[in-house]
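Okay, thanks everyone, I'll keep this short. Let me put the sequence and the structure up on the screen, and then we'll walk through them together.

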Amino acid sequence: EQTFALLLWISFLLIGTVLMLNLLIAQLSNVYAIVNENVEAEFLLAKAEIIFNIQDQRFRVRPDGPAGRKRLERLSLTMAHASKEERAFNRRVKEMVQKDAAENEQDRLVEQVHDIQLKVN
């Protein structure tokens with residue numbers, strides 16, 4: 001009886017560990033997907049900040065001054081709006097692809113049923 005309890009306890013620990021690792025991997029994958037969605041927008045924002053800083057140095061405007069901060073705030077708002085629109089567009093494209101795949105699957109099944117009916121007749 002003690003051996004059975006020990007085996008049961010060890011199996012519980014192993015299964016629990018595997019499940020927890022699986023949850024960790026799923027969370028990391030989800031975070032990676034979210035970060036990966038905004039990579040291009042973040043890159044463009046950083047590039048624009050560098051360009052603005054170069055322009056500010058050229059015209060002797062301090063980037064940490066009121067004009068520089070205001071410009072970066074406007075840029076951040078523009079990029080956030082563009083990012084939302086991009087996510088909405090990507091969502092619509094994904095829905096269209098899934099719908100198209102479902103329709104293709106349905107057409108394939110109809111063809112299979114038709115082929116089976118021809119073979120039966």
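I'll start with the overall fold, then go through the surface patches, the salt bridge and one pair of residues.

So, first thing to keep in mind: this is a predicted model. What is the secondary structure of the chain? It comes to three helices and zero strands. If you read along the sequence, you get the pattern α-α-α.

Now, how much of the chain is buried? Of its 121 residues, 8% count as buried. The accessible surface of the chain is about 11000 Å², and carbon and sulfur atoms account for 64% of that.

Let's go to helix α1, which covers residues 2–37. F12 sits in that helix, and F12 belongs to a nonpolar patch on the surface. Who else is in there? The patch is formed by L6, W9, I10, F12, L13 and L14, and together those side chains' residues have about 640 Å² of accessible area. Is F12 itself buried or exposed? F12 counts as exposed, because its relative accessible area is 60% and the cut-off for exposed is over 50%.

Okay, over to helix α3, residues 66–120. There's a patch on the surface here too, this time one of negative charge. The residues gathering in it are D100, E103, D107, E111 and D115. Take D115, which is found in helix α3. D115 has 40% relative accessibility, so it counts as partly exposed. To spell that out, partly exposed is the range between the buried limit, under 20%, and the exposed limit, over 50%.

Staying in helix α3, let's do the salt bridge. How many does the structure hold? Just one salt bridge. It's where the side chains of R108 and E105 meet, at 2.6 Å, N to O. The side chains of R108 and E105 also count as making a polar contact, again at 2.6 Å. Where do the two partners sit? Both R108 and E105 lie in helix α3, three residues apart, which is about one turn of the helix. As for how accessible they are, R108 is at 37% relative accessibility, so R108 counts as partly exposed. E105 has a relative accessible area of 36%, so E105 is partly exposed as well.

Last stop, N90, also in helix α3. N90 is partly exposed, because its relative accessibility is 39%. Now look at N90 together with E37: they are 53 residues apart along the chain. What separates their C-alpha atoms in the model? That distance is 9.5 Å.

So, to recap: we have three helices in an α-α-α pattern, a nonpolar patch that includes F12, a negative patch that includes D115, and one salt bridge, between R108 and E105. That's it from me, happy to go back to any of these on the screen.

Notes: Residues are numbered from 1 along each chain as its sequence is written. This is a predicted model: local features need pLDDT of at least 70, side-chain atom pairs count only at pLDDT 80 or more; totals for chains, interfaces and linings use all residues. Side-chain values use heavy atoms; hydrogens and water are left out. Patches are made of residues with over 30% relative accessible area and no salt bridge: like charges are joined within 9 Å, nonpolar side chains (Val, Leu, Ile, Met, Phe, Trp, Tyr) within 5 Å. Accessible areas come from the Shrake-Rupley method with a 1.4 Å probe; for residues, only the protein chains shown count as cover. A salt bridge is a side-chain nitrogen of Lys or Arg within 4 Å of a carboxyl oxygen of Asp or Glu. Lys and Arg count as positive and Asp and Glu as negative; His and the chain ends are not counted. The place of a charge is taken as NZ of Lys, CZ of Arg, CG of Asp or CD of Glu. Helices (H or I, at least four residues) and strands (E, at least two) are DSSP runs, numbered from the N terminus. Buried means under 20% relative accessible area, exposed over 50%, partly exposed in between (1.4 Å probe, protein chains only). A polar contact is a pair of N or O atoms within 3.5 Å; within protein, one must be able to donate a hydrogen and the other to accept it, and residues adjacent in sequence count only if both atoms are side-chain atoms.
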